[in-house]
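Visitor: I've got a model open and I'd like to learn how to read it. Could you walk me through it?

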Amino acid sequence: MTRPPADRFHLDAALGYAARGIPVLPLHYPTVRPGRDGTPTIGCSCGDPGCGPVGKHPMTVHGLHDATTSRARIEWWWRRFPHANIGLATGHRFDVLDIDGPDGEHAIAQLSAGQPSDPPGPVVRTGRGGWHFYLAPTGLGNPHPRGLDRVDWRGRGGYVVAPPSRHASGTRYRWVRDLDTPLPQVPAALRERLAPPPVPPRPAMPAIQPGGPGHPYGQRVLELRLAEVATAPKGERNHTLYRAGLRLFSLAAGGVLDRDQVETGLLAAAERSGLLAEEPTQTRATIGSAEKIGSRHPAGVPARDWPPRNRAAGRPDRRRERGEERERDG
């Protein structure tokens with residue numbers, strides 16, 4: 001078979017993929033450059049001498065988000081960069097199992113129901129000597145198959161290098177069985193490795209209990225501060241927790257509150273706000289810092305704040321005081 005001219009070789013392949021409804025994007029490609037001693041060295045068309053994924057990363061500004069099936073766009077790309085490698089967005093028409101490492105035989109065996117010599121579906125031999133197995137799309141993202149070394153999954157939000165792209169070794173990616181081969185479903189054994197491991201249930205935090213040992217003033221402050229922490233919006237939760245901890249631990253140091261009650265209440269309030277679940281280490285560190293600083297400044301019951309304020313107005317309840325005065329005058 002006569003190969004198309006060099007300036008159309010990759011273009012025709014990219015257009016063929018797009019005609020199947022597969023979003024395509026141009027990737028950088030390997031280049032040959034003279035080394036310091038004059039010996040030719042392999043580099044990447046991106047121009048970065050330290051480039052790691054030579055010939056495998058997108059050329060476009062928005063990367064994978066630029067993948068398209070538009071014939072006009074694809075022709076523009078490859079007429080400008082005729083040697084660009086071809087990337088295919090996964091998760092649309094297919095997912096891909098990418099095997100490069102020593103656990104490949106295990107993964108292939110799971111794909112082929114114990115027949116590693118003949119796994120089903122479209123197959124690509126990569127430029128590095130690995131394998132790309134094309135399978136029916138699963139809706140998964142790009143999880144790492146648990147327990148398999150150098151075996152990757154490419155689904156939604158991923159892409160693969162497609163034939164006839166050239167690898168840094170000089171070898172081209174090639175189809176062993178092309179996309180006319182029916183796509184197989186993912187075997188159950190492999191699907192289990194792609195599923196996230198079960199998360200053990202978190203122990204339930206104790207409910208916020210304002211009542212307890214200490215002065216009634218301390219209990220009122222505890223209730224208000226814990227409510228602030230439990231309802232704090234994202235972006236303000238950690239600061240609200242720290243501010244509440246400073247006040248409550250200072251009251252605990254002054255004997256107005258019980259120290260253990262303060263810590264338990266803060267953890268429960270952080271759990272309700274979602275902060276403890278999302279940032280458990282940081283949350284406990286914040287409480288620890290608040291206790292360290294707050295305990296250095298013991299606080300008691302301020303005379304001006306007792307008897308209790310009218311919460312709605314934020315002022316002492318003068319109505320009650322006037323009523324008491326009338327009773328005494330009567």
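**Reading the chain and one of its sheets**

Guide: Sure, let's begin with burial: of the 330 residues in the chain, 39% are buried. Keep in mind that this is a predicted model.

Visitor: What does the chain expose, and how much of that do carbon and sulfur atoms supply?

Guide: About 18,200 Å² is exposed, with carbon and sulfur atoms supplying 51% of it.

Visitor: How many helices and strands should I look for?

Guide: Look for 10 helices and 12 strands. As for contacts, take those with a separation of 6 or more: 70% of them link residues 24 or more positions apart.

Visitor: Now the sheets. How do I read one?

Guide: Strands of a sheet pair through backbone hydrogen bonds, and the pairing can be parallel or antiparallel. Here, an open sheet is formed by 3 strands, in the order β1-β4-β9, with antiparallel pairing.

Visitor: Why is one side of β1 and of β9 left without a neighbour in the sheet?

Guide: Because β1 (24–27) and β9 (159–162) are at the edges, and each has a single partner strand. From one strand to the next, the twist averages 35°.

Visitor: How many bridges join β1 to β4?

Guide: There are 4 bridges between β1 and β4 (residues 85–89), and the two run antiparallel. To find the pairing on screen, go to leucine 27, which stands opposite asparagine 85 in β4.

Visitor: Which helix lies across those two strands?

Guide: That's α2, residues 71–80, which lies across β1 and β4. Helix α2 runs at about 10° to β1.

Methods
Residues are numbered from 1 along each chain as its sequence is written. This is a predicted model: local features need pLDDT of at least 70, side-chain atom pairs count only at pLDDT 80 or more; totals for chains, interfaces and linings use all residues. Side-chain values use heavy atoms; hydrogens and water are left out. Buried means under 20% relative accessible area, exposed over 50%, partly exposed in between (1.4 Å probe, protein chains only). Contact means heavy atoms within 4.5 Å. Accessible areas come from the Shrake-Rupley method with a 1.4 Å probe; for residues, only the protein chains shown count as cover. Two strands pair if DSSP finds at least two bridges between them. Axes are lines fitted to C-alpha atoms, for helices over the stretch in contact, and angles run from 0 to 180 degrees between N-to-C directions.
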